[in-house]
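Student: I have a model open and want to read it properly. Can we go through it by question and answer?

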Amino acid sequence: SQKYFQIMKKIIECGGLPQIVFMLHSNHVVMVNEAILSLSIMSATFLLGYTEEELQTQSKSRPASSNENKENEEGAITDASLVLTDPRTVSSQLHTDAVINGIKNCLKNPDHPKEVKANAASLTLTLLKTKVSIQNEND
């Protein structure tokens, strides 16, 4: 799991999250499924890789301007400088309209295999769990 955490951290630090979200809207079912799997792994493993001390350090070291999320017309975050791995920022980026609409489009598409739809449903469950987890940390 530490290996996945490091890979996801690098993808996020390099500004790769918007590209993965963009893949959710592809016409190719393989790309959609790859995006779903990547986002599932990211949301499930990334948030588990930080200790409370690291979370506190990142919160204090984040510049004030990083709170200004910029979204393109798909709802994906476009400012790579703010994506430097605060798990709460990553969580908020995984809960954008672009991700939600991509999942909905996948589930509604009659041409997608049931396995891909099952993966989309699993991603939805994972996102709900991480949203609750982040909210519980903030309370």
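Tutor: Start with a cut-off: buried means under 20% relative accessible area, exposed means over 50%, and partly exposed lies in between. Keep in mind that this is a predicted model.

Student: Is Ser-43 buried or exposed?
Tutor: Ser-43 sits in helix α3, residues 29-45. Its relative accessible area is 1%. The cut-off for buried is under 20%. Ser-43 is therefore buried.

Student: Which backbone oxygen does the side chain of Ser-43 reach?
Tutor: Look within helix α3, where Ser-43 has its place. The side chain comes to 3.2 Å from a backbone oxygen, and that oxygen belongs to Ser-40.

Student: Which residues is Ser-43 in contact with, leaving aside neighbours within four places in sequence?
Tutor: Ser-43 has a relative accessible area of 1%. Setting aside neighbours within four places, its contacts are Leu-94, Leu-123, Thr-126, Leu-127 and Thr-130.

Student: Is Ala-120 buried or exposed?
Tutor: Ala-120 lies in helix α7, residues 114-138. Its relative accessible area is 0%, so Ala-120 is buried.

Student: Which residues does Ala-120 touch, not counting those up to four places away in sequence?
Tutor: Begin in helix α7, where Ala-120 lies. Once residues up to four places away are left out, Ala-120 touches Ile-36, Ile-103, Cys-106 and Leu-107.

Student: What separates the C-alpha atoms of Ala-120 and Leu-37?
Tutor: Along the chain, these two residues are 83 residues apart. In space, their C-alpha atoms are separated by 8.3 Å.

Student: What share of the contacts with a separation of 6 or more comes from residues 24 or more positions apart?
Tutor: This one covers the whole protein chain, which has seven helices and zero strands. Among contacts with a separation of 6 or more, residues 24 or more positions apart account for 65%.

Student: Which residue forms a salt bridge with Lys-10?
Tutor: Side chains of opposite charge can pair when their charged atoms come close. The partner of Lys-10 is also in helix α1, three residues apart, about one turn of the helix. The closest N and O atoms are 3.8 Å apart, and the partner is Glu-13.

Student: Is Lys-10 buried or exposed?
Tutor: Over 50% relative accessible area counts as exposed. Lys-10 has 52%, so Lys-10 is exposed. Its partner Glu-13 has 29%, which means Glu-13 is partly exposed.

Student: Which residues form a nonpolar patch on the surface?
Tutor: One member is found in helix α1, residues 2-13: Ile-7. Ile-7 is partly exposed because its relative accessible area is 38%. The patch has about 260 Å² of accessible area together, and its members are Tyr-4, Ile-7 and Ile-41.

Student: What share of the accessible surface belongs to carbon and sulfur atoms?
Tutor: Of the 139 residues, 39% count as buried. The accessible surface of the protein chain comes to about 8100 Å², and the carbon and sulfur share is 54%.

Student: Which element has the lowest mean pLDDT?
Tutor: The chain as a whole has a mean pLDDT of 76, with 63% of its residues at 70 or more. Among the elements, helix α6 (residues 97-108) has the highest mean, 95. The lowest, 59, belongs to helix α4 (residues 52-61).

Student: How many contacts does the model have for residues 76-84 beyond four places in sequence?
Tutor: Where pLDDT is low, the predicted coordinates should not be read in detail. Over residues 76-84 the pLDDT stays under 50. Beyond four places in sequence, the number of contacts in the model is 27.

Notes
Residues numbered from 1 in each chain as written. Predicted model: local features only at pLDDT ≥ 70, side-chain atom pairs only at ≥ 80, totals over all residues. Heavy atoms only, no water. Patch = residues over 30% accessible without salt bridge, like charges linked within 9 Å, V, L, I, M, F, W, Y side chains within 5 Å. Areas by Shrake-Rupley, 256 points an atom, 1.4 Å probe, with all protein chains shown as cover. Salt bridge = Lys/Arg side-chain N within 4 Å of Asp/Glu carboxyl O. Helix = DSSP H or I, 4+ residues; strand = E, 2+ residues; numbered from the N terminus. Buried < 20%, exposed > 50% of the residue type's maximum accessible area, 1.4 Å probe, protein only. pLDDT = per-residue confidence, 0-100. Contact = heavy atoms within 4.5 Å. Polar contact = N/O pair within 3.5 Å; in protein donor to acceptor, adjacent residues only side chain to side chain.
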